[in-house]
Structure formats: C-alpha cells, structure tokens
Amino acid sequence: MKKGDKIEFKGIGTIMALIVQKFGGTSVGSTDKIKNVAERVLRQQKQGHQMVVVLSAMSGQTDKLLGLAADMQDMPDPREMDMLLSTGEQVTIALFAMAVKAAGSDAISLLGDQVHIHTEA
C-alpha cells in the first residue's frame, strides 16, 4: 500500500481519508504557485477526502520580516517576533483561500490559535 491509497473493505466500500498537507515557502512562492497548490488540494478533495492544509510564508517573506525586525532592535522581544513572523503565513493562507474560492470550492483561513495549536520556545 502506498501513501494516499484508498482502503477497500468487502461490503463497506471505499474509506476516504482526512489528509493533512504542508506546503513550504517555495511551493507557495507566488500567486501562480498558490493557485497550483489549491488545484492539487482540490483534486484530492474531489476524490472525497477531507483536507487540512498548512502553509508557510511565501519564499523570501520571512527573511524580509527578520530584516525589518533587525532594523528596529538588536534583540527583539520573542512575543513581538512571533507576531511579526506570523504575518507571512497570514498572507499566504488568505491568498490560498481566495484561490480555492476562485476555483469554485470553499475554504477559510485559520490562525494557529483559532484551531487551538499551542507552541513553546
């Protein structure tokens, strides 16, 4: 059995999966790439799978944000760095949701705290 294969049980039929996919900055580095990721995700959704998509900031965005922080302070407060760096992902997830909607499906963007993801140092 390979990753993504459907499981068939006699008399029950095909069981669809909850699929979680993570796409890094290079994969979502432009609006065209974000549209391609949306199409890829929607293909799996059309097969009946439930999809959860985790996206990074577009390539280069995190470095730009780090540079802005360095212009402000030598040792920025960790909380403020978290707030600043999360904006890169916020841009990507909003654009991804727009791409999914433009393709005729539905999506919403959610931040980590909205789905109760907690992190530590």
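User: Glutamine 21 first: buried or exposed?

Analyst: Buried means under 20% relative accessible area. Glutamine 21 comes to 12%, so it counts as buried. Keep in mind that this is a predicted model.

User: Where does glutamine 21 sit, and how far in space is it from leucine 55?

Analyst: Glutamine 21 belongs to strand β3. Its C-alpha lies 8.4 Å from that of leucine 55. Along the sequence, 34 residues separate glutamine 21 and leucine 55.

User: What share of the chain counts as buried?

Analyst: The figure is 22% of the 121 residues.

User: How do I read the overall layout? How many helices and strands are there?

Analyst: Count the elements, then read their order. The chain has 3 helices and 4 strands. Starting at the N terminus, the order is β-β-β-α-β-α-α.

User: Now helix α3. Is threonine 92 buried or exposed?

Analyst: Threonine 92 is part of helix α3. Its relative accessibility is 0%, so it counts as buried. Now look across the chain. Alanine 57 is 35 residues away in sequence, yet the two C-alpha atoms are 5.8 Å apart.

User: And isoleucine 93, buried or exposed?

Analyst: Isoleucine 93 is also placed in helix α3. At 15% relative accessibility, isoleucine 93 is counted as buried. Its C-alpha is 9.0 Å from that of valine 53. Those two residues stand 40 apart along the chain.

User: How do I read a salt bridge? Which side chains form one here?

Analyst: Start with charge. Side chains of opposite charge can pair when their charged atoms come close. The rule used here asks for a nitrogen-to-oxygen distance within 4 Å. The count by this rule is 1 salt bridge. Arginine 79 and glutamate 80 make it, at 3.2 Å from N to O.

User: How accessible are arginine 79 and glutamate 80?

Analyst: Exposed means over 50%, and partly exposed lies between that and the buried limit. Arginine 79 has 51%, so it is exposed. Glutamate 80 has 45%, so it is partly exposed.

User: Which residues make up the nonpolar patch on the surface?

Analyst: Leu18, Val20, Val52 and Val54 make it up. Together they offer about 330 Å² of accessible area. The elements giving two or more residues to this patch are β3 (18-23) and β4.

User: Take one member, valine 52. Where is it, and how accessible?

Analyst: Valine 52 is a residue of strand β4. Its relative accessibility is 36%, so valine 52 counts as partly exposed.

User: Last, pockets. How much space lies in the largest pocket?

Analyst: Read the volume, then the lining. The largest pocket holds about 1,300 Å³ of space. Three elements give two or more residues each to its lining: α1 (31-46), β4 (50-55) and α3 (78-102).

User: Which element gives the largest share of the lining?

Analyst: That is α3, with 11 residues.

User: How many residues line the pocket, and which lie nearest its centre?

Analyst: The lining has 34 residues. Nearest the centre are Leu110, Leu111, Gly112, Val115 and Ile117.

User: What is the chemical character of that lining?

Analyst: Sort the residues into three classes. In the lining of the largest pocket, 19 are nonpolar, 8 polar and 7 charged.

Conventions. Residues numbered from 1 in each chain as written. Predicted model: local features only at pLDDT ≥ 70, side-chain atom pairs only at ≥ 80, totals over all residues. Heavy atoms only, no water. 1 Å grid on protein atoms, 1.4 Å probe; cavity = no way out; pocket = protein on both sides within 12 Å on 5 of 7 lines; lining within 4 Å. Points joined across faces, edges and corners; volume = space filled by probe spheres on them. Nonpolar A, V, L, I, M, F, W, Y, C, P; charged D, E, K, R; others polar. Patch = residues over 30% accessible without salt bridge, like charges linked within 9 Å, V, L, I, M, F, W, Y side chains within 5 Å. Areas by Shrake-Rupley, 256 points an atom, 1.4 Å probe, with all protein chains shown as cover. Buried < 20%, exposed > 50% of the residue type's maximum accessible area, 1.4 Å probe, protein only.
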